[in-house]
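Colleague: I am new to this structure and would love a close look at a single part of it. Could you pick one spot, walk me through what surrounds it, and then show me how it fits into the whole?

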Amino acid sequence: MLWPFRKSPAWNEVNYWALDLETSGLEPSDQILSVGMVPIRSGVIEFGAHYYSLVRPARPETLSIEGIKAHHILPGELETAPPLAQVLDEVQRRINRDVLVLHFSSIDLGFLKQSCRALGRPWAKPLVVDTTVLLARLNERRRQLEPYSRPYPSALGAARAIFGLPGHLEHHALWDALATAELFLALRHRLQAQTLHQLT
């Protein structure tokens with residue numbers, strides 16, 4: 001998406017949605033099982049406006065024990081969950097013209113795009129800020145000042161710990177989305193990014 005301003009807006013004039021997915025695996029054939037989204041408005045996390053939903057899988061017979069051990073979502077919990085099409089409607093309605101914040105964006109974006117294709121609908125193509133990209137920029141800046149310093153870790157929990165953020169319930173879409181939102185704000189501060197362009 002091209003930002004509809006001639007000049008990049010200030011970073012806190014933009015609305016963001018931090019998003020995380022839990023899936024049945026990491027292969028293209030795997031399915032989205034839950035979605036968590038947390039808004040950031042005027043530079044502040046508004047957790048009360050969050051969105052979270054389980055997703056009823058189209059192929060429940062493909063769920064594996066290994067996957068359940070990772071995300072702790074039981075097949076019985078998914079039986080009454082809304083279908084993927086309904087959840088994607090909610091996701092796209094919230095993104096609209098806002099910016100998406102992801103940790104390792106290629107994974108979640110891949111599932112969202114593939115899901116839209118499978119349902120025969122267009123992907124909204126929001127502007128994306130990837131916290132792992134921001135971490136890489138911070139690592140490069142640090143390396144220039146301290147050539148022999150160890151790079152900051154890219155895993156969400158480990159990266160949060162480096163910046164003094166508390167531990168959280170991992171592999172739960174809502175709590176990982178909140179954790180991503182908090183990490184984004186910490187990285188924005190460290191990078192002293194003043195505009196949206198400096199974050200993308």
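**A close look around Thr180**

Modeller: Happy to! Let us begin with the neighbours of Thr180: setting aside residues up to four places away in sequence, Thr180 touches Val101, Leu102, His103, Thr131 and Leu156. Please keep in mind from the start that this is a predicted model. Thr180 itself sits in helix α7, and with a relative accessibility of 2% it counts as buried, because anything under 20% is classed that way.

One name on that list deserves a visit of its own. Thr131, a partner of Thr180, belongs to helix α5. Its relative accessible area is 0%, so Thr131 is buried too. If you look outward from Thr131, again leaving aside neighbours within four places in sequence, you meet Val101, Leu102, His103, Thr180, Leu183, Phe184 and Leu187. Compare this with the list for Thr180, where Val101, Leu102 and His103 also appear. The contacts of Thr131 further include Leu183, Phe184 and Leu187, while those of Thr180 include Leu156.

Staying with helix α7, we can move from Thr180 to Glu182. Glu182 forms a salt bridge with Arg160, and the closest N and O atoms of the pair are 2.8 Å apart. Arg160 lies in helix α6 (residues 156-162) and Glu182 in helix α7 (residues 173-191), so this pair ties together parts that are 22 residues apart in sequence. The two partners are covered to unlike degrees: Arg160 is buried, at 2% relative accessibility, whereas Glu182 is partly exposed, at 25%.

Helix α5, the home of Thr131, has a salt bridge of its own. There Arg143 pairs with Glu140, with 2.9 Å between the closest N and O atoms. These two residues are 3 apart within helix α5 (residues 131-145), about one helical turn. Both ends of this bridge are partly exposed: Arg143 has a relative accessibility of 43%, and Glu140 has a relative accessible area of 33%.

A further pair is found in helix α3 (residues 84-95), where Arg93 and Glu90 are 3 residues apart, about one turn of the helix. Their salt bridge has its closest N and O atoms 2.8 Å apart. Arg93 is exposed at 54% relative accessibility, as the class begins over 50%, and Glu90 is partly exposed at 24%. This bridge also has company, since a network of salt bridges links Glu90, Arg93 and Arg94. The structure holds 6 salt bridges, among them the three pairs we have just visited.

For a contrast with the helices, let us go to a loop. Ala49 is placed between β3 (44-45) and β4 (51-54), and it is partly exposed, with a relative accessible area of 29%. Not counting residues up to four places away in sequence, Ala49 touches Trp17, Pro39 and Arg41. Another useful landmark is Met37, which is 12 residues from Ala49 in sequence and 8.9 Å away in space, C-alpha to C-alpha.

Now let us step back to the whole. The protein has 7 helices and 6 strands, and read along the sequence they follow the pattern β-β-β-β-α-α-α-β-α-β-α-α-α. The radius of gyration is 17 Å, close to the 16 Å that the globule rule gives for 200 residues, so the protein is as compact as a globular protein of that length. As for its extent, the C-alpha trace spans about 55 × 40 × 30 Å along the principal axes.

The contacts we followed can be set beside those of the whole protein. Among contacts between residues at least 6 apart in sequence, 67% join residues at least 24 apart. The contact between Thr131 and Thr180 is one you can trace on the model yourself. Buried residues make up 44% of the 200 residues, and Thr131, Thr180 and Arg160 are among them.

Finally, the outside. The accessible surface comes to about 10,700 Å², and 55% of it belongs to carbon and sulfur atoms. The protein has 21 positive and 20 negative side chains, and the centres of these two sets lie 9 Å apart. If you would like a route for your own tour, start at Thr180 in helix α7, cross to Thr131 in helix α5, and then follow the bridge from Glu182 to Arg160.

Key:
Residues are numbered from 1 along each chain as its sequence is written. This is a predicted model: local features need pLDDT of at least 70, side-chain atom pairs count only at pLDDT 80 or more; totals for chains, interfaces and linings use all residues. Side-chain values use heavy atoms; hydrogens and water are left out. Helices (H or I, at least four residues) and strands (E, at least two) are DSSP runs, numbered from the N terminus. The radius of gyration is taken over C-alpha atoms; the globule rule is 2.2 Å times the number of residues to the power 0.38. Buried means under 20% relative accessible area, exposed over 50%, partly exposed in between (1.4 Å probe, protein chains only). Contact means heavy atoms within 4.5 Å. Accessible areas come from the Shrake-Rupley method with a 1.4 Å probe; for residues, only the protein chains shown count as cover. Lys and Arg count as positive and Asp and Glu as negative; His and the chain ends are not counted. The place of a charge is taken as NZ of Lys, CZ of Arg, CG of Asp or CD of Glu. A salt bridge is a side-chain nitrogen of Lys or Arg within 4 Å of a carboxyl oxygen of Asp or Glu.
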